[in-house]
There are 2 protein chains.
Amino acid sequence: MGRWEPDARGRMLGAAMELFTERGYEQTTAGDIAERAGVTERTFFRHFSDKREVLFAGTEVMQQAVADAIAGAAAEATPLDAALAGMRAFGEVLEERREHAVRRSRIVAANPALQERELLKLAAMTDLAADGLRARGVDDLVASLAAQSAVAAFHVAFARWLADEAARPFGEILDEADAALRALR
Amino acid sequence: MGRWEPDARGRMLGAAMELFTERGYEQTTAGDIAERAGVTERTFFRHFSDKREVLFAGTEVMQQAVADAIAGAAAEATPLDAALAGMRAFGEVLEERREHAVRRSRIVAANPALQERELLKLAAMTDLAADGLRARGVDDLVASLAAQSAVAAFHVAFARWLADEAARPFGEILDEADAALRALR
DNA sequence: CCATCAATGTCAGTTACTGACATCGACGGT
DNA sequence: ACCGTCGATGTCAGTAACTGACATTGATGG
């Protein structure tokens, strides 16, 4: 047994969600989160590069899922098909944590600073997708545009999935966005 | 004549560009900018809501140009056509300030915090474009996707325009991105 | 000549972070 | 059983981004 209670990181993640929900993001200091988690503020910043990052932990899992899906897409898939396969994989990860995703997105929606960070993560996903397409031999310009288009469809579908009263599966909503995207002239 | 030298804002904008170029964004404090501009730090924060904003002044002009172009697009233009017309108008404003855009983007490229802000502004543009399309009677989902696609094309074209050795006009590069976008399957 | 107003200055305070150094328990080697 | 190292945490001081409250001053209209 360690000198301290185990899973400090997990406790901070939980404390942050609680406090952000209770008082809001801006009304919560990094010290507040650390205190509730039973650590010091310094430890908080050792685990998370900044205060916002506590809401964006675990993106690596998503990124891996996306990268794998793109790399593993059928050889005859078009660039857009492959990129969208990545977004579908992303959606599957989300589906497993729907409740968490909803609560989290409420917090993010209330804060421009958090929206910025979300956009940055989405941009990282776009770059990842474009890299994946280039690795499949797709031309540079086409890779960038297919990646951006796929992420655009994801973004729109994600917002609709969150707002959906009927709790329809993400894949279904993404399919609609996909169809509408391809129908654009 | 005022109590102070006129155009404090303009002096701060200039001082910021100079200092960011000389030492970099992070090595420049808000106080440094204020000092070079001959004002106090407090005045800096009265003109710019935060340190990053000094690099994003004047986006209202762009936004107006985009909104006007979308509203003024031919009635028979498709949603994507109209949204891209907005991006073309954006490009024209950029073209007038190419030198400034290049220097500015170098600073932004060197800083994740500034990239975040740029993404937020781009997202605001996307929302603006989507609003413009909806005002034309375009369906909600289609408006969102057309706006996102157009901004995606803009984004890719902008990066290529900045990197272009031959200094080709933005409109030409945007046309290529447009064509590649529509060719996606 | 005076009241008002807008832009700035002054100053104190909070909070997000960072660097340097100390502490302590686990663990492997001897 | 002892020791040296190591990883995770604590402690503390410091910087810089903001914010609120209040004072100052020159222009301006009456």
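How many residue pairs in polar contact, both at pLDDT 80 or more, does the rule find across the interface of chain B and chain A? I put this to the structure before anything else, bearing in mind that it is a predicted model, and the rule returns twelve such pairs.

**Entry 1: chain B against chain A**

I then looked up the extent of this interface, and found 30 residues of chain B in contact with 31 residues of chain A. The two chains bury about 2,600 Å² between them, and 67% of that area lies on carbon and sulfur atoms. For the chain B side I asked which three residues supply more of the buried area than any other three, and they are B:E116, B:L145 and B:R185, which supply 25% of what chain B buries against chain A.

I went on to the charged pairs, where the count between chain B and chain A is six salt bridges. As an example I noted the salt bridge in which the side chain of B:R160 meets that of A:D140, with 3.2 Å from N to O.

**Entry 2: the two domains of chain A**

Next I turned to the division of chain A, which has domain 1 at 8-54 and domain 2 at 58-183. The C-alpha centres of these two domains of chain A lie 27 Å apart, and I found eight residues of domain 1 in contact with ten residues of domain 2. Between them the domains bury about 870 Å², with 54% of it on carbon and sulfur atoms. On the domain 1 side, A:M17, A:Y25 and A:R52 supply 65% of the area buried against domain 2, more than any other three residues.

I also asked how many salt bridges join domain 1 and domain 2 of chain A, and the count is four. A:R52, already noted for its share of the buried area, has its side chain in a salt bridge with that of A:E116, at 3.7 Å from N to O. The count of residue pairs in polar contact between the two domains, both at pLDDT 80 or more, is four. I sorted the residues on the side of domain 1 that touches domain 2, and they divide into three nonpolar, one polar and four charged.

**Entry 3: aromatic rings**

Last, I looked up the aromatic pairs, of which the structure holds 16 over all chains. The rings of A:F44 and A:F48 have their centres 5.3 Å apart and their planes at 45 degrees, so I recorded the pair as tilted. Are A:F44 and A:F48 buried or exposed? A:F44 has 0% relative accessibility and so counts as buried, and A:F48 is likewise buried, its relative accessible area being 3%.

I checked chain B for the residues with these numbers, and B:F44 and B:F48 form a tilted aromatic pair, 5.2 Å centre to centre with 45 degrees between the planes. B:F44 is buried with a relative accessible area of 0%, while B:F48 counts as buried at 2% relative accessibility.

Returning to chain A, I asked which residues make up one aromatic cluster there, and wrote down A:F90, A:F154, A:F158, A:W161 and A:F170.

Technical notes
Residues numbered from 1 in each chain as written. Chains lettered and ligands numbered in written order. Predicted model: local features only at pLDDT ≥ 70, side-chain atom pairs only at ≥ 80, totals over all residues. Heavy atoms only, no water. Domains from an automatic or database assignment. Contact = heavy atoms within 4.5 Å. Buried area = accessible area lost by both parts, 1.4 Å probe. Polar contact = N/O pair within 3.5 Å; in protein donor to acceptor, adjacent residues only side chain to side chain. Nonpolar A, V, L, I, M, F, W, Y, C, P; charged D, E, K, R; others polar. Phe/Tyr/Trp six-rings, centres within 6.5 Å; stacked < 30°, edge-to-face > 60°. Buried < 20%, exposed > 50% of the residue type's maximum accessible area, 1.4 Å probe, protein only.
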